[in-house]
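Here's a quick tour of a protein model for you to follow along with. Take a look at the sequence and the structure, then read on.

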Amino acid sequence: MELYSTKHISPNVGLEEALFRGLPPDNGLYVPITIPTLPKAFFENIELLSFPEIAFEVTKALLGDALEEGEIKKITSEAINFDAPMVKVEENLYSLELFHGPSLAFKDFGARFMARLMSF
């Protein structure tokens, strides 16, 4: 996995450097050079997947060969082990409730994932 800075001044880096550096030296944001397209079957069967299974499939596609599949499974199953219910607001409008984690804040998703990825 290779990432670039949104300011296009700093050199491209790998996942580990971006993870531990946080921001590129040019104060942009690290973004993957390529964002893979998930297969059509993923979307056709998404309602059959649990939230942790969805997290695994998306992470596996995004990280590619940066981590072994078993490690991705372990990280996502430890980090995303609680629900984020989709609640109907009105007809054809839903909200994903991101406050059902251990600290009752949306950061539980990103922070827990990042901490486990850093531990790996």
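How many bridges join strand S4 to S5, and do the two run parallel or antiparallel? There are 4 bridges between S4 (residues 86-90) and S5, and the strands run antiparallel. Keep in mind that this is a predicted model. Let's go through it topic by topic.

**The S4-S5 hairpin**
- S4 and S5 make a hairpin, with 2 residues sitting between them.
- In that turn you'll find Asn-92, which has a positive phi of about 60°.
- If you want to spot one pair of bridge partners, look for Glu-90 and Leu-93, the latter in S5.

**Glu-97, just past the hairpin**
- Follow the chain on from strand S5 (93-96) and you reach Glu-97, in the loop that leads to helix H5 (107-119).
- Glu-97 and Val-87 are 10 residues apart along the chain, yet their C-alpha atoms are separated by 7.1 Å.
- Setting aside neighbours within four places in sequence, Glu-97 is in contact with Ala-84, Pro-85 and Val-87.
- The side chain of Glu-97 also has a polar contact of 2.7 Å with the side chain of His-100.

**Arg-112, a buried charge**
- Arg-112 belongs to helix H5.
- Arg-112 is buried but has no salt bridge, and the nearest side chain of opposite charge, Asp-108, is 5.7 Å away.
- Why does that pair miss out? A salt bridge needs the charged atoms within 4 Å, so 5.7 Å doesn't make the cut.
- What Arg-112 does have is a side-chain polar contact of 2.9 Å with the side chain of Asn-81.
- Beyond its neighbours within four places in sequence, Arg-112 is in contact with several residues, including Glu-78, Phe-82 and Pro-102.

**A three-stranded sheet**
- Another spot to visit is an open sheet of 3 strands, in the order S2-S1-S3, with antiparallel pairing.
- Strand S2 (13-14) and strand S3 (30-32) are the edges, each pairing on one side only.
- S1 (residues 2-5) is joined to S2 by 2 bridges, and Leu-3 stands opposite Val-13 in S2.

**The nonpolar cores**
- The largest nonpolar core has 8 residues in all, among them Leu-15, Phe-56, Ile-72 and Leu-117.
- Helix H1 (15-21), helix H3 (51-63) and helix H4 (69-79) are the elements that each give two or more residues to this core.
- Apart from that core lies another one, of 6 residues, including Ile-80, Phe-82, Ala-84 and Phe-109.
- Leu-15 is in contact with Met-1, Leu-3, Leu-63, Ala-66 and Leu-67, leaving aside neighbours within four places in sequence.

Note on methods. Residues numbered from 1 in each chain as written. Predicted model: local features only at pLDDT ≥ 70, side-chain atom pairs only at ≥ 80, totals over all residues. Heavy atoms only, no water. Contact = heavy atoms within 4.5 Å. Polar contact = N/O pair within 3.5 Å; in protein donor to acceptor, adjacent residues only side chain to side chain. Pairing = 2+ DSSP bridges. Buried < 20%, exposed > 50% of the residue type's maximum accessible area, 1.4 Å probe, protein only. Lys, Arg positive; Asp, Glu negative; His and termini not counted. Core = buried A, V, L, I, M, F, W, Y, C linked by side-chain atoms within 4.5 Å.
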